[in-house]
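This report describes one protein model for a reader who has not seen it before. Please look over the sequence and the structure before reading on.

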Amino acid sequence: MSFKQAALLQIISAALPEELVFRYIFLGLLALWNPFAGLVAISLFFGLAHKFAHSERKWMVLLSNTLTGFVLGLTYIYTKSLLVVMAIHWLDNMIPWAYMKYENRRRVTVGTTVLLAVLPLVLLRGSLVPSLSTWEEFTRARASFGELE
């Protein structure tokens, strides 16, 4: 399978439908009741869905996928952008695929992964330390989902 085919397949079969269901519909609805509880519940559901969809995987994958679901959900609450969350999900699926597929290019794949991990930290260097403004932004994001304060 070529990179283009795998990339398109990941968008159609994983990033788009999963983010529509988990973040846009379920998290959107649960956030009306309680954003944090909704985030935790959807993260657990995301982890369980991935564990049971791939029964050959170890139980440690449940923790990894639950944490991934939490990060994706938090990103969705903070940015309100399904496109950003789908892009992160797509990268999370494509980087391991590229690492396994292109054995002779593993250094490039690892370098790209490190760059993708460090780049947001560099871009957000002024807001890495949680501050009152960050908490206020998170609170506003929660309120925009309909929580009464």
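Where is Lys80 found? Lys80 is found in the loop between helix H3 (60–79) and helix H4 (82–101). The model is a predicted one, and the sections below go from the chain as a whole to single residues.

## Overall make-up

The protein chain has six helices and zero strands. Read along the sequence, its elements follow the pattern α-α-α-α-α-α.

The protein chain has 149 residues, and 30% of them are buried. Among contacts with a separation of 6 or more, 58% are between residues 24 or more positions apart. The chain exposes about 9900 Å². Carbon and sulfur atoms supply 71% of that exposed area.

## The loop residue Lys80

Lys80 is a residue other than glycine with a positive phi, near 60°. Its place in the chain is the loop that runs between H3 and H4.

## Helix H1

Helix H1 covers residues 3–33. The helix bends by about 45° at Ile11.

Which residues of H1 are buried? They are Ala6, Ala7, Ala14, Ala15, Glu18, Glu19, Phe22, Arg23, Leu27, Gly28 and Ala31. The list includes Glu18, Glu19 and Arg23, which count as charged. The buried residues of H1 pack against H2, H3 and H4.

## Met86 and its partners

Met86 lies in helix H4. Its relative accessible area is 17%, so Met86 falls under the 20% limit and is buried.

Which residues does Met86 touch, not counting those up to four places away in sequence? Met86 touches Ala15, Leu16 and Glu19. Ala15 and Glu19 are among the buried residues of H1. Ala14, also on the list of buried residues in H1, is 72 residues from Met86 along the chain, and the C-alpha atoms of Met86 and Ala14 are separated by 8.9 Å.

## Two tyrosines in helix H3

Tyr76 is found in helix H3, and so is Tyr78. Are these two residues buried or partly exposed? Tyr76 is buried, because its relative accessible area is 7%, under the 20% limit. Tyr78 is partly exposed, because its value of 44% lies between 20% and 50%.

Each tyrosine can also be placed against a residue far along the chain. The C-alpha atoms of Tyr76 and Tyr24 are separated by 8.4 Å, with their positions 52 residues apart along the chain. For Tyr78 and Arg140, which are 62 residues apart along the chain, the C-alpha separation is 9.0 Å.

## The second largest pocket and Asn65

The second largest pocket holds about 480 Å³ of space. Its lining is made of 20 residues, and His50, His54, Arg57, Asn65 and Asn93 lie nearest its centre. By type, the lining residues divide into eight nonpolar, nine polar and three charged. Which helices each supply at least two residues of this lining? They are H1, helix H2 (35–53), H3 and H4.

Asn65, one of the residues nearest the centre of the pocket, is found in helix H3. Asn65 is buried, because its relative accessible area of 11% is under 20%. Leaving aside neighbours within four places in sequence, Asn65 is in contact with Phe46, Gly47, His50 and Arg57. Of these partners, His50 and Arg57 are also listed among the residues nearest the pocket centre.

Key
Residues are numbered from 1 along each chain as its sequence is written. This is a predicted model: local features need pLDDT of at least 70, side-chain atom pairs count only at pLDDT 80 or more; totals for chains, interfaces and linings use all residues. Side-chain values use heavy atoms; hydrogens and water are left out. Helices (H or I, at least four residues) and strands (E, at least two) are DSSP runs, numbered from the N terminus. Buried means under 20% relative accessible area, exposed over 50%, partly exposed in between (1.4 Å probe, protein chains only). Contact means heavy atoms within 4.5 Å. Accessible areas come from the Shrake-Rupley method with a 1.4 Å probe; for residues, only the protein chains shown count as cover. On a 1 Å grid over the protein atoms alone, a cavity is a set of points where a 1.4 Å probe fits but cannot get out, and a pocket is an open set with protein on both sides within 12 Å along at least five of seven lines; lining residues have an atom within 4 Å of a point. Grid points are joined across faces, edges and corners, and a volume is the space filled by probe spheres set on the points. The bend at a residue is the angle between axes fitted to the seven residues ending there and the seven starting there.
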